[in-house]
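Please look over the following model with its secondary structure, overall dimensions and nonpolar core in mind. The briefing below takes these topics in turn.

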Amino acid sequence: QVQLVESGGGLVQPGGSLRLSCAASGFTFSSAVMSWYRQAPGKEREFVARMPSTGITYYADSVKGRFTASRDNAKNTLYLQMNSLKPEDTAVYYCYVPRWGKWGQGTQVTVSS
């Protein structure tokens, strides 16, 4: 079955960096559009990045220039490199495969001094 498992979250100071990973299984990862979303406390889940199998990756304006999505098709893994982190980036981060409507369990990112 389709599975997505995120990892890499943690506590980081403002201005710091983290790299999230999403290990995928149960479908042909190399041809799948993959997305990152996040949900801050008391807020709705929001779009972060959308990465097609080939072509342009789209980012939310709030993360553009700071976050970079990438993928390793040999490892069936999606990544999110997050730089220049801000307190408002604090959220649970989820990966999502639209074709299957499947979410991962999420990984907590906390940006605080």
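The protein has 11 strands and zero helices, where helices (H or I, at least four residues) and strands (E, at least two) are DSSP runs numbered from the N terminus. This is a predicted model, in which local features need pLDDT of at least 70 and side-chain atom pairs count only at pLDDT 80 or more, while totals for chains, interfaces and linings use all residues. Residues are numbered from 1 along each chain as its sequence is written, and side-chain values use heavy atoms, with hydrogens and water left out.

**Dimensions**
- The radius of gyration, taken over C-alpha atoms, is 13 Å, which agrees with the value near 13 Å that a compact globule of 113 residues would have; the globule rule is 2.2 Å times the number of residues to the power 0.38.
- Along the principal axes, the C-alpha atoms fill a box of roughly 40 × 25 × 25 Å.

**Burial and core**
- Of the 113 residues, 43% are buried, meaning under 20% relative accessible area with a 1.4 Å probe, protein chains only.
- The largest nonpolar core, a set of buried Ala, Val, Leu, Ile, Met, Phe, Trp, Tyr and Cys residues joined through side-chain atoms within 4.5 Å, has 31 residues, of which Phe27, Trp36, Leu80, Met82 and Tyr93 touch the most other members.
- At least two residues of this core come from each of β3 (18-25), β4 (34-39), β5 (46-51), β7 (67-72), β8 (77-82), β9 (91-97) and β11 (107-111).

**Contacts**
- Beyond its neighbours within four places in sequence, Phe27 is in contact (heavy atoms within 4.5 Å) with Val2, Gln3, Leu4, Ala32, Met34, Val97 and Trp100.

Methods:
Buried < 20%, exposed > 50% of the residue type's maximum accessible area, 1.4 Å probe, protein only.
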